[in-house]
Amino acid sequence: MSANSILLDFSLDPARIIDEVSRKDIVRVCKEGLEKYLAGLKISYDMLTADGYLCILNETGTGTIVTIRFFEQGLITINVEYYRKDGDEAKISFDNMKMLENGLRIRLEAIRSKHLPPIKRGSSVDVYLTSSDERVIEYDIDRVLFDKRSEFQKIQIVHSRSLGNMLVLDELQNIAEADLIYTETLMCRGTENYAGKEICILGGGDGALLYELLKEKPKFVVMLEIDEIVMQACNKYMNSICGDVLEKRTDDNYEIIVGDCMVYLRKYIKEERKFDYVFGDLTDIPISDTPTGEIWDFIRTILESSFQVLKPDGKFMTHGNGVSCPESLRMYEDQLAKLTPKVKYTKSSAFVPSFMEEWVFYQVQRENTAATDSV
């Protein structure tokens, strides 16, 4: 069950919006077009506004409301909103919506027109998530398997018909069963040699990175994850990507520690423990105007601390953000340029199915006297 919003818009000559006679004729045409699908529409309210005109119509005997908004710049928007129960037919099917738009475009002599699929609001299964640059994406999610709020975040496991089970944290898609490419690109599989290496994973609560790294025969992997509930949820619903590592938690070649990664990084620094690789599988690079604020401070702290526990030739591997966020990526690279001792980095990218976009990953290591400038 959800409130459905059908959205159409039309661009006309602005002179027709301003003229009262023309405006009334436009309302009549829109009303006649809509009445093919909505019975007995009546105008319940209209008014001039600071930027044009507003007209509200009601469908007889139902709660359906139609708003027709005129903007003096020449834009007309039509919004149809109604509550749809499970099993009910749509008031206006998608095919009929296209016919309605086309018919009104012709009758209104519109310069351009557009319709959107119905926006579903208030549903028990939320199908909308956002891209890295905050565009709305509608997923084919058909059920929620897990929904709980931990001390740190909101945790959901949802099922997508095309992506399989998917981990969603604080309304952001994190990883799905179809996302092996994400993990393989993060670890640069086929390029990096992990055999016999010591590795530290910061975060990684879904278990996918640990599971894939163990296939590369490392000497030992320690994973530092703060959220126990994430691991419990993924162990139950995402074991196709994490195997049994979140169930066992420890073995001859790995250990999962539940706790704040910064506490353990400070401990390792004090103990002078060193790793060949540190993976920052934590927060993405934030979208912001400047590299300031709590998350950017955390990113800088993680970078500085990670290089204190890396061997001289060790690498810091992390995910960045979408290629559609070049300014944020540039700000991250500016932070890398400020690290002491100096570092160099390479980048890789891959289209991640559940993100529905190209994602950027970083591989960072100390410069040496023979090193070239950062790329």
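Two strands are said to pair if DSSP finds at least two bridges between them. Helices (H or I, at least four residues) and strands (E, at least two) are DSSP runs, numbered from the N terminus. The structure is a predicted model, in which local features need pLDDT of at least 70 and side-chain atom pairs count only at pLDDT 80 or more, while totals for chains, interfaces and linings use all residues. Residues are numbered from 1 along each chain as its sequence is written, and side-chain values use heavy atoms, with hydrogens and water left out.

The protein chain contains eleven helices and 20 strands. Its radius of gyration, taken over C-alpha atoms, is 27 Å, whereas a compact globule of 375 residues would have one near 21 Å, by the rule of 2.2 Å times the number of residues to the power 0.38. Along the principal axes, the C-alpha atoms fill a box of roughly 80 × 45 × 35 Å. Of the 375 residues, 48% count as buried, that is, under 20% relative accessible area with a 1.4 Å probe, protein chains only.

One open sheet deserves a closer look. Six strands form this sheet in the order β2-β3-β4-β5-β1-β6, with antiparallel pairing. Its edge strands, β2 (41-49) and β6 (112-121), each pair on one side only. Neighbouring strands are turned by 15° against each other on average, direction ignored; the axes behind such angles are lines fitted to C-alpha atoms, for helices over the stretch in contact, and angles run from 0 to 180 degrees between N-to-C directions.

The walk along the sheet may begin at β2. Eight bridges join β2 to the antiparallel strand β3, and a hairpin links the two through two residues. Within this pair, lysine 42 stands opposite asparagine 58 of β3. Strand β3 is mostly covered, since six of its eight residues are buried. On to β4, β3 pairs in the antiparallel sense over seven bridges, and glycine 52 has phenylalanine 71 in β4 as its bridge partner. The hairpin of β3 and β4 has five residues between the strands, and there glycine 61 takes a positive phi near 80°.

Further along, β1 (residues 2-11) and β5 (residues 75-84) pair in the antiparallel sense over ten bridges. Phenylalanine 10 has isoleucine 76 in β5 as its bridge partner.

Two helices lie across these strands. Helix α2 (residues 20-34) lies across β2, β3 (52-59), β4 (65-71) and β5, and runs at about 150° to β4. Helix α3 (residues 94-108) lies across β1, β5 and β6, at about 150° to β6; contact means heavy atoms within 4.5 Å.

Notes
Buried < 20%, exposed > 50% of the residue type's maximum accessible area, 1.4 Å probe, protein only.
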